[in-house]
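Me: Please take a close look at a single part of this model, with the helix packing and the sheet beside each other in one account. Please state the cut-offs behind each term as well.

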Amino acid sequence: MRKPTADGDGGKGDTDADAAPAEPAPAPEPPAPRVSRGTRLAERYRLEHRLSQNGRSETWRAVDEKLRRAVGVHIVPAGGEHGRAVIAAARAAALMGDPRFVQVLDCAEQDGLIYVVKEWLPDADNLTKVFESAPLPPHEVYELTRALAQAMSVAHRAGLSHLRLTPENVLRMHTGQYKIVGLAVEAALYGHDTTDAARDDTHAVGRLMYAALTRRWVEGTEYGLQAAPFTGGRLCAPGQIRAGVDDTLAALAMRALGHEVKHEPVFETPGELSAAITAIPEMHPPEQNAIVGGPEPDEYPIYTPTPNRTVYASAGYSGGGPTGPARPPVTPPPPLGGRFGAAVKGAVAVLVVLAIVLVTWQVASHVGDGEKKEPPLKTQDVQSPTAPPSTVPPKPSTTRPKNGKEISIGGGTPISPQDVYKTYDENPSTYWRTNYMVDGPEITFSRKGYGIVYDLGAVHELRDAQITLGSGGAYTNIKLMAAPDAKTMPTSEDAFKTTVGEGTNKGTDLRIEATGKPVRAQFVLLVMTAMPKVDSNIGDYQIYNAGYQNAWREVTFSTLP
């Protein structure tokens, strides 16, 4: 029986049991940022040009007035879970010193706004722009995949993910290197729910690989790309869309997207994709003089000399070609005559007779002496003995590597393979660097060292290796090894069976002298097994975080031919 309400409605009111609990009112969305050109944040960052905006955030190009440089700024309203998530993501991303990520420089709150400051890279294009013209060639797809997979593998090991890895968030520098924009911050700015961040980031790299190979986007028409085709409910492989697609790269892209290929399992993490792309032979740009397409060399037309060329013949010289007038033959001068000719003939006859007499006298004098004289050749040998061979040893020459490749040492994956060339570019201000370790100096956590294979260009006898390091301190240890039997650049440390020498020091210049029997090889390996502790930047050497780490600025070798 229903109970009457207090206003006597005769039982028309609802009972307490029938009353539904009231829904909490949704929290109001923070208002959009209110900033304009010329707004200054932290009395330092002056906004110059709005790049994009949506309901909850804006992106600006700004000027850091303190350092007089351009920066990028994300601005979102403060308050609520969204604002706190952006600050937390920015602070976490700022700790990543990996050069493959666009660096977060600052993050703070001011006047109801949260701003995230990042480095500005004017000499770069995002992949949306890169994909406009044509699919990428195989060696560029290889570099793109390797850079993204290795970078995201490092990020996931540090507990960070991206979750919005799109063509707009990957930059290609004009030097050919790739950088990732918005690690952790993009997901916080625009929201992204996931139950498996590693899988989602791996699929994202797979989508970028697929687009680079085909200029098709897996998730429909986006970023200026056509939608990828499906057949029978299954995504078409890159080779079904374009002829000439590299089979290995196509298979890696499909496995990164979650499709098995020839019973090979899918990739679940960026680390698995990184290991797979590192395991295949490195892809290089085609040679400048290589013939791409067209007939085989023996099908090219035979070279025909120009008909008017100068021709030298045994019968004389002709300069007008086969149709030009022939030059008359040269007539020898007439013989000398008269008294003058007779006098010349007589003088010549007298000279000939004198020459015969002189030769006869020389022969007779040697025969008459019999055995009293040594043969002239032997007498000359006794008087002028041959000079002894020189005992001055040949002087070693400086040899710079012609090529280099970072390889896995003791289970650890390569860290900065794209920077290896900086160790032999003759520019001490550039360098290849490691990540940092919590414990040291010996490298024992998750790897046994860092290693780079160098190609000396030809077989040489090794005398020493000289490495200019980024940091001194206690202490650095590097071993020099060789693969004397290798004909091509090895991709594994197992190929280097011969130890040439080992060096340890506390300075920035380390020399490793060859010991024992001389070793001749074209391919050598330098393995660093201990690193000093570095707590802050050293000149232009920018560290990730304080810890055990180092960098190689220049590497040269002393060799004999």
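Reply: What follows describes one helix, its partner helix and a sheet. The model is predicted, so to speak of local features a pLDDT of at least 70 is needed, side-chain atom pairs count only at pLDDT 80 or more, and totals for chains, interfaces and linings use all residues. Residues are numbered from 1 along each chain as its sequence is written, and side-chain values use heavy atoms, with hydrogens and water left out.

Helices (H or I, at least four residues) and strands (E, at least two) are DSSP runs, numbered from the N terminus. The axes of helix α3 (residues 138–157) and helix α8 (residues 270–279) come within 8 Å and cross at roughly 140°, where axes are lines fitted to C-alpha atoms, for helices over the stretch in contact, and angles run from 0 to 180 degrees between N-to-C directions. In contact (heavy atoms within 4.5 Å), residues of α3 including Tyr142, Arg146, Met152 and His156 meet residues of α8, among them Pro270, Leu273 and Ile277.

α3 also lies across β8 and β9, running at about 35° to β9. The open sheet has 3 strands in the order β7-β8-β9, paired in the antiparallel sense, and two strands count as paired if DSSP finds at least two bridges between them. Its edge strands, each pairing on one side only, are β7 (124–126) and β9 (178–180), while neighbouring strands are turned by 30° against each other on average, direction ignored. Between β7 and strand β8 (residues 170–173) the antiparallel pairing extends over 3 bridges, and Asn126 has Leu171 in β8 as its bridge partner.
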